[in-house]
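Trainee: I have a new structure to read and do not know where to begin. Could we go through it together?

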Amino acid sequence: MGSAVGLGNVWRYPYITGQYGGAAFILLYIGCVLAVGVPLMIAEFLIGRKTQLNPVGAFRKLRPGSPWVVTGWLGIVSAFTILSYYAVVGGWVLHYVYLSLINSFAGKSTEQVTDIFISMNVNPDLQIFWLAIFMFVTIVIVSKGVSGGLEAGNKIMMPLLFALLIVLSIYALQTSGAASGLEFLLRPQWQKIGPTAVLEALGQALFSLSLGMGTMITYGSYLSRRSNLVSSTFFIAAGDTLVAVLAGFVVFPLAFSFGLEPGAGPGLIFRTLPIAFAQLPGGYWVALGFFILLSFAAITSSISLLEVASAYFIDEQGWSRSRAGWTLGSAIFLLGIPSAIGEQFLGVMDALSTNYLLPIGALLIAVFTGWALTHNERIDEFSANDVTAVRLAVWSFLIRFVTPVALILIFLHQVRLF
Ligand code: PHE
């Protein structure tokens with residue numbers, strides 16, 4: 001859950017939903033979570049727990065000498081690509097913690113709040129500075145292996161973030177634009193939905209659930225035999241989706257109330273939320289609390305990204321945890337600099353990850369689980385009291401047919417074959 005809930009839910013989901021017109025896109029997104037996300041998460045947990053290894057090692061162990069190991073390598077490439085720009089946006093959030101601390105939003109108008117975002121966005125030095133801080137924190141946690149403490153913190157911070165989003169949505173739903181915001185969120189406009197929107201919904205589902213690159217294989221490798229993979233998956237998928245949907249219920253009513261375009265792009269939450277914070281009673285504390293909780297959610301996701309790459313070098317190359325964390329983390333920091341300098345580059349990295357790397361990884365993992373593994377290998381991780389035979393049959397059907405076919409169709413469109 002720590003890996004899944006992060007900037008994908010609170011930053012990316014609202015602006016993508018805004019760009020693709022609201023309600024219809026949300027339904028599409030939920031469809032992708034159910035048809036592709038849930039079966040795939042079970043598959044990743046299965047592979048990880050079965051092998052107790054990092055993604056490269058896991059495929060190598062299950063099918064020695066076969067090309068399937070490429071799936072693991074691809075995951076490491078995805079981890080680098082995603083974390084490089086994820087950390088830039090994580091840096092934005094840290095900067096907003098600082099801005100909240102020095103009370104920058106009080107009494108500001110919509111335009112002034114937008115200007116705050118723009119002045120950060122055109123300032124590469126500032127973004128590189130916060131990128132460095134964000135990566136530093138991520139590296140220290142991964143290299144010290146202190147995720148236990150973080151997990152404990154997460155159990156408090158995550159429910160708090162959730163509660164704060166509920167409070168904020170109640171507030172947002174009382175502002176003047178609430179009716180338009182609700183209409184946007186609840187009345188599907190199917191004419192805005194084409195194949196590109198389907199691809200975006202799928203990419204967003206994979207990104208938000210941390211799927212298609214072996215994060216859940218890596219985390220699955222730390223799971224004990226006693227944990228129930230299926231109920232954990234449903235819990236994570238439901239929680240992750242709920243946080244995203246709630247974020248939408250905060251952002252869109254506010255956007256309509258304060259005359260902002262729902263399709264305003266990656267700056268959407270940074271331009272809408274502070275306006276509300278400026279007007280809320282106790283807004284100073286709400287702003288500070290919100291950005292601190294969001295930073296926490298972002299860090300618990302970024303460590304899972306760095307962990308995927310590190311686990312390989314620790315397990316297979318014999319690197320120490322700290323060497324892996326520092327070396328890979330520093331390389332990712334350097335790769336992040338172009339995204340901090342130009343939002344266009346950030347957009348390219350984001351599109352590369354969500355439109356290509358994650359869907360390709362997801363397809364490989366689904367085909368591997370559904371077709372390369374034998375029936376027995378597929379089900380021996382589930383004990384009888386874990387899952388009923390019917391549920392197993394449903395999952396097998398989804399991972400063998402529905403998930404791969406959905407992914408392939410979306411790809412064929414992507415490469416313009418139809
Ligand atoms: N799921 C994370 C989020 O929503 C991002 C992430 C993607 C983490 C892929 C790990 C792997 O913020």
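Mentor: Begin with a ligand contact: a polar backbone atom of Ala 4 is 2.9 Å from an oxygen atom of the ligand. Keep in mind that this is a predicted model.

Trainee: How much of the ligand's accessible area does the protein cover?

Mentor: The ligand has 330 Å² of accessible area on its own, and the protein covers 100% of that.

Trainee: Which residues are closest to the ligand?

Mentor: Ala 4, Gly 8, Tyr 86, Phe 207 and Ser 210 are the closest of the 15 residues that surround the ligand. As for further backbone contacts, a polar backbone atom of Leu 7 is 3.0 Å from an oxygen atom of the ligand. For Ser 3, a backbone N or O atom lies 3.3 Å from a nitrogen atom of the ligand.

Trainee: Now the whole chain. How many helices and strands does the protein chain have?

Mentor: The protein chain has 17 helices and 0 strands. Its radius of gyration is 21 Å, close to the 22 Å that the globule rule gives for 418 residues, so the chain is as compact as a globular protein of that length. Of those 418 residues, 60% are buried.

Trainee: And the surface: which residues make the nonpolar patch?

Mentor: Phe 129, Ile 133, Phe 136, Val 137 and Trp 326 make a nonpolar surface patch of about 440 Å². Helix H6, residues 124-144, gives the largest share, 4 residues.

Trainee: Is Ile 133 buried, exposed or partly exposed?

Mentor: Buried would need under 20% relative accessible area and exposed over 50%. Ile 133 has 30%, so this residue is partly exposed. Its place is in helix H6.

Conventions. Residues are numbered from 1 along each chain as its sequence is written. This is a predicted model: local features need pLDDT of at least 70, side-chain atom pairs count only at pLDDT 80 or more; totals for chains, interfaces and linings use all residues. Side-chain values use heavy atoms; hydrogens and water are left out. Patches are made of residues with over 30% relative accessible area and no salt bridge: like charges are joined within 9 Å, nonpolar side chains (Val, Leu, Ile, Met, Phe, Trp, Tyr) within 5 Å. Accessible areas come from the Shrake-Rupley method with a 1.4 Å probe; for residues, only the protein chains shown count as cover. A salt bridge is a side-chain nitrogen of Lys or Arg within 4 Å of a carboxyl oxygen of Asp or Glu. Helices (H or I, at least four residues) and strands (E, at least two) are DSSP runs, numbered from the N terminus. Buried means under 20% relative accessible area, exposed over 50%, partly exposed in between (1.4 Å probe, protein chains only). A residue is near a molecule or strand if one of its heavy atoms lies within 4 Å of it. A polar contact is a pair of N or O atoms within 3.5 Å; within protein, one must be able to donate a hydrogen and the other to accept it, and residues adjacent in sequence count only if both atoms are side-chain atoms. The radius of gyration is taken over C-alpha atoms; the globule rule is 2.2 Å times the number of residues to the power 0.38.
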